[in-house]
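User: Please take a close look at the salt bridges here and walk me through how their partners are placed. I'd enjoy one connected explanation, with any cut-offs spelled out along the way.

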Amino acid sequence: MELFFGAFTSEWEQRRAALLHELSVGGGRSTAEEELRRRMKALAELGATGSGGGGGRAPAKTRHAASKNMHGTTAKASMAARPMQVRLAAVAQGSQPAVVKMASYGGGARVGAMLNYVSRGGELSVENENGERIGSREDLAGVRADWDHLFQNRTESRDIGRFTVEITASAFASDDEMHELVRSSLTSGFGDRRFAYAVEKNDDGSMTVHGVVVLRSGQGERLTGDQKAAGIIQARYDASAAASEAAAQFSFQGYGNGVEYGSSKLRDLVESHGGAVRDDRGQPVADDKAAGDLVQKEWRADLHSRKSRDVMHLIMSARAGTDVAAFEGAVRDFLADQFAGHRYVFAMHDPANDPKEAGEGGKRPHVHAHAIVTMKSESGERIETTPAVFRQWRVAMAEKARDHGIAMEMTDRREFASPAAFTRNQVRPVNREGRTEHIGTSEAAQARYDAKRNGRRTLAKSERSREYTVKATQSWQKIAVASGDRSIVAYAAQQRDHLMSGLSAGEAEASSNIVHADFGSKFRANLVTLQNLVLEGDELGETSRTDLEAYEKKVETALFKLERNVAPDDRSDFDEIATLAREHVNQRRELMQLHEQRNEAVAEQGNEDQRRNQRGEVNEQWEAAITKHGEAIVEAANDVLMEIDAAATMLADLEKSEPVHDPETGGYTYAISEKEREETEQLRAKIEQQHDEAISRAARLAIEGNTYIREVAEQDPDLQRAIEQAEKHAQRPEEEKDKTPANVDTVAERQRDLRNDEVERQPNDTEAREAHELASAVDAANRLQDQVAKDKEAAQRGGETTRTDPAQQHIPRLEELEREELAKRERARDDRER
């Protein structure tokens, strides 16, 4: 039972009735239960977010049972949408958008009519949440009874009432005087409620006033629209001053819910009384359009309409030509996934088997499915229907469609500059043959309907939507640059241009506001200067960052000069001008950034190709060396050669601090002290010693049979000389010449052993090779680090700082060289593994 508190005359009676009603239905317990459900819902979300991904896709019934205790929408809130660029690239390749839209809500009393519509009067079978087919009228009638425990059976609010007032008064000099008396009488009884009326003059001189009135007042009092409410209104009128001018008798003939009911009854009043209908402000309501505008535009906010939402009617659709069986499977999985624990039925409307004729609204060219879903689940959870939830539903529908082989993606109208959709309250159908045609109930609604049907490009104007549009523009730009398919490039470029033109139109609109602003003549000159700067910004085209910064400084200077001449009364207008001007500059900056990103993307693609070619050449050389000499030999040689290169690089860096020859004196000029020069020479000597030791190790490897080092030595004179000297020292005395063949055989045998070991360990030697590389790198790094530490301690003992010590100034460079050397080895290893 619903209580209408407007029936009580005093505030304490209303409060007492509200409290008693709440206690009678267990209000306190209900509040606690709702809080518990919200907390459980939050835990379900955390559980869904924290759970890991599973393996294969389970059957629909299994997923249904697994999530019985979890609200369907919340359980799937963790489903991550695909990145924007991935989705848009798929759309450019031909994927269709996912369409999941709300057709209507309904109370339990309307379930039978909704099921009848979905099943085409029982001619189409429907499928429930358990996969059972329901085909007979008797079974459909039983669905309502099965779902009854999930319905609130809440009484709809009484929003609009139809009334009649009999007024007895003397003759009037004019119709305006008559209408003035009628409005005064109605206002005395109805208070600040909105109403419309028509007057009928009777033969006895009295008047009968017919009309419709909003039952809720501005203070929140809602009348019941029945005889009890008429008594309340009558008492208020009799106590007012208007009662002394004319006698009036109030009565109600009915009441209804929502904008639809109010528009229908007001249009009936206009139709029966022609142009004699007026509203509470004395404005005429001439036709059906004016009646619809009055209710939908002016009265809607006062209704606070409440309608029972026990079930919802969802529509999922796909393009014409989509495989019907695959789409039906996708719809089945989508409903089971998102509405687990809820009761629902769905039916496919395929033009091939739709029993309803095209002239009656059937046989639509595209395949679609209708679903009737209970808002409340078996566990008591209610479905949320926010924009974020609808977006999530489209994400889920697209995923299920792809699982069934249908190319489908979630799309956003801001990614295509598509116009906003129109609602049922903004239009009414006029022709249902084929695609239903509508007419707007107001000029704004008609413009919105025309924009949607004609595919007019429009951008959302909110700051958040504008930022989203900029990201979409960048994604289209990246797709156009990265794709090699001409058709995809053309499609992406077209969408990018649409978005950019929309952004430019927004800039033009902002700049036009600046150009047409007028605050008087005392600072008109500065305003003209600012206008010229804004117009100059429109002609900048592809601007560099330097030019944009200069342009921004000019705009700020012009604003500063303009602000000095602003009168206090014009301050708010100036603030608006400054905001628009700075927004214009920010828009130019965003366009400049888009151009930079496009150029960077093109350059990055070219650099990546070059690096890929270089890596390919290095890999080819490495593979050729391994094939020729063996992996073990090449690895051993590579380690020592890298140490030689590292030492040579550090020596080259030290050469930069060599003394400079002075031609005037014939001597050398040092920028450092003698002591610092000596310490630098000591560091150079130690690095040279490490370099010589590395060359000596390389020479020993060559003598021991490393053929890869001998091949490298052919291009390195220093290494070749070291090998020759090592060979001379390795020569045996004259009396041991007879043992030379044995030594040669030993070297050859050792080389063969290395190759055999390399062949034997090739299949499972990756970890060992990596460990060897890491150990070599760590060993070299430790030796250099020890040397650096010793030099640092010596400098500290001498009382010097790194600021005046060139040797210490080289320490960061040495550490950087060590890191670069390690990075080179890692990259070389990665390239070999590829």
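Analyst: Happy to! Let's start with R144, which counts as partly exposed because its relative accessibility is 24% (buried means under 20% relative accessible area, exposed over 50%, and partly exposed in between, using a 1.4 Å probe and protein chains only). D148 is partly exposed too, at 33%. These two form a salt bridge, with 2.7 Å between their closest N and O atoms (the term requires a side-chain nitrogen of Lys or Arg within 4 Å of a carboxyl oxygen of Asp or Glu).

Keep in mind that this is a predicted model, where local features need pLDDT of at least 70 and side-chain atom pairs count only at pLDDT 80 or more, while totals for chains, interfaces and linings use all residues. Residues are numbered from 1 along each chain as its sequence is written, and side-chain values use heavy atoms, leaving out hydrogens and water.

In total, the structure contains 32 salt bridges. One of them joins the side chains of E127 and R332, at 2.7 Å from N to O. This pair connects distant parts of the chain, since E127 sits in strand β3 (residues 126–128) and R332 in helix α12 (residues 324–338), 205 residues apart. Helices (H or I, at least four residues) and strands (E, at least two) are DSSP runs, numbered from the N terminus. E127 has a relative accessible area of 4%, so this residue is buried. Its partner R332 is partly exposed, at 27%.

Another salt bridge brings together the side chains of R697 and E643, at 2.2 Å from N to O. Because R697 belongs to helix α21 (residues 674–703) and E643 to helix α20 (residues 631–655), the pair ties together parts that lie 54 residues apart in sequence. R697 is partly exposed at 29%, whereas E643 is buried at 15%. Sharing of partners also occurs: salt bridges link E127, R133, E328 and R332 into one network.

Helix α12, home of R332, turns up again in the nonpolar packing. The largest nonpolar core has 32 residues, and M316, F327, F339, W393 and M397 make the most contacts inside it (such a core is a set of buried Ala, Val, Leu, Ile, Met, Phe, Trp, Tyr and Cys residues joined through side-chain atoms within 4.5 Å). Two or more of its residues come from each of β10 (311–317), α12, β11 (344–349), β12 (368–374) and α13 (387–403). Apart from this core lies another one of 26 residues, including L186, F195, M207 and Y237.
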